[in-house]
Amino acid sequence: MQKKFLAIVALLAVAGCAQDYQPVVDLKGYDGGKYQKDLAECRQLASQVDVAGDSAVNGLIGAGVGAALGAAVGAVAGVPAYGAASGAALGGIGGGGGSAVSKVERQKKIIDNCLTKRGYNVLG
């Protein structure tokens with residue numbers, strides 16, 4: 001139960017990362033107020049990438065695959081139920097967490113590209 005709770009907390013933490021993302025932008029010669037407006041609009045566009053929803057689906061798929069593999073390994077060891085439970089927990093964390101990280105990276109890239117297309121020099 002504790003592993004599932006930690007996985008959910010981790011996914012929620014990762015899901016909000018792109019909204020807190022502060023790209024490094026050379027603002028020399030730009031209006032700071034306009035930049036903040038553009039950044040907010042780019043973040044809104046990036047938020048269309050559903051980090052939490054896709055991660056939950058991938059977590060469920062990972063849990064299913066992990067449970068099957070864990071049960072098989074557990075059967076060899078004589079404890080299939082324990083193997084299935086452990087495999088489900090680890091598969092769920094791996095499937096959901098990995099997906100969330102790649103989605104957040106995609107959101108950050110969208111923000112960077114959006115700002116670049118609006119004329120800003122995004123350094124990273």
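**Salt bridges and aromatic pairs around helix α3**

In this predicted model, Arg 118 is partly exposed, with 32% relative accessible area. The residue takes part in two salt bridges with side chains of helix α3, and these are described in turn. In one of them, Arg 118 pairs with Asp 38, and the closest N and O atoms are 3.0 Å apart. Arg 118 belongs to the loop between α5 (80–117) and β2 (121–122), whereas Asp 38 is part of helix α3; the contact thus joins distant parts of the chain, 80 residues apart. Asp 38 has a relative accessibility of 4% and counts as buried, because the limit for that class is under 20%.

The side chain of Arg 118 also meets that of Glu 41 in a salt bridge, with an N to O distance of 2.6 Å. This pair too links distant parts of the chain, since Glu 41 lies in helix α3 and Arg 118 in the loop between α5 and β2, with their positions 77 residues apart. Glu 41, at 30% relative accessibility, counts as partly exposed.

Over the whole structure, the search returns five salt bridges. One of them lies within helix α5: Lys 108 and Glu 105 are paired, with 3.9 Å between the closest N and O atoms. The two residues are three apart in helix α5, about one turn of the helix. Both are partly exposed, Lys 108 with a relative accessible area of 23% and Glu 105 at 45%. Elsewhere, salt bridges with shared partners join Lys 34, Lys 37, Asp 38, Glu 41 and Arg 118 into one network.

Helix α3 comprises 15 residues (32–46). At 1.5 Å a residue, the expected span is 21 Å, and the end C-alpha atoms are 21 Å apart, which agrees. The buried residues of α3 are Tyr 35, Asp 38, Leu 39, Cys 42, Arg 43 and Ala 46. Their arc around the axis is only 140 degrees, so they lie on the same side of α3. The N-terminal end of the helix is capped by Asp 31, which has a side-chain oxygen 3.1 Å from the backbone nitrogen of Gly 33.

Two aromatic pairs are present in the structure. Tyr 30 and Tyr 120 form a tilted pair, with a distance of 4.8 Å centre to centre and an angle of 40 degrees between the planes. Tyr 30 is in the loop between β1 (25–26) and α3, and Tyr 120 is in the loop between α5 and β2, so that this pair links distant parts of the chain, 90 residues apart. Tyr 30 is partly exposed, with a relative accessible area of 36%, whereas Tyr 120 is buried, with a value of 5%.

The other pair consists of Tyr 35 and Tyr 120, whose ring centres are 5.3 Å apart and whose planes stand at 75 degrees, so the pair is edge-to-face. Because Tyr 35 lies in helix α3 and Tyr 120 in the loop between α5 and β2, the pair ties together parts that are 85 residues apart in sequence. Tyr 35 is buried, at 3% relative accessible area. Through these ring pairs, Tyr 30, Tyr 35 and Tyr 120 are linked into a cluster.

Conventions: Residues numbered from 1 in each chain as written. Predicted model: local features only at pLDDT ≥ 70, side-chain atom pairs only at ≥ 80, totals over all residues. Heavy atoms only, no water. Helix = DSSP H or I, 4+ residues; strand = E, 2+ residues; numbered from the N terminus. Expected span 1.5 Å × (residues − 1). Buried < 20%, exposed > 50% of the residue type's maximum accessible area, 1.4 Å probe, protein only. Arc of directions from axis to C-beta. Polar contact = N/O pair within 3.5 Å; in protein donor to acceptor, adjacent residues only side chain to side chain. Salt bridge = Lys/Arg side-chain N within 4 Å of Asp/Glu carboxyl O. Phe/Tyr/Trp six-rings, centres within 6.5 Å; stacked < 30°, edge-to-face > 60°.
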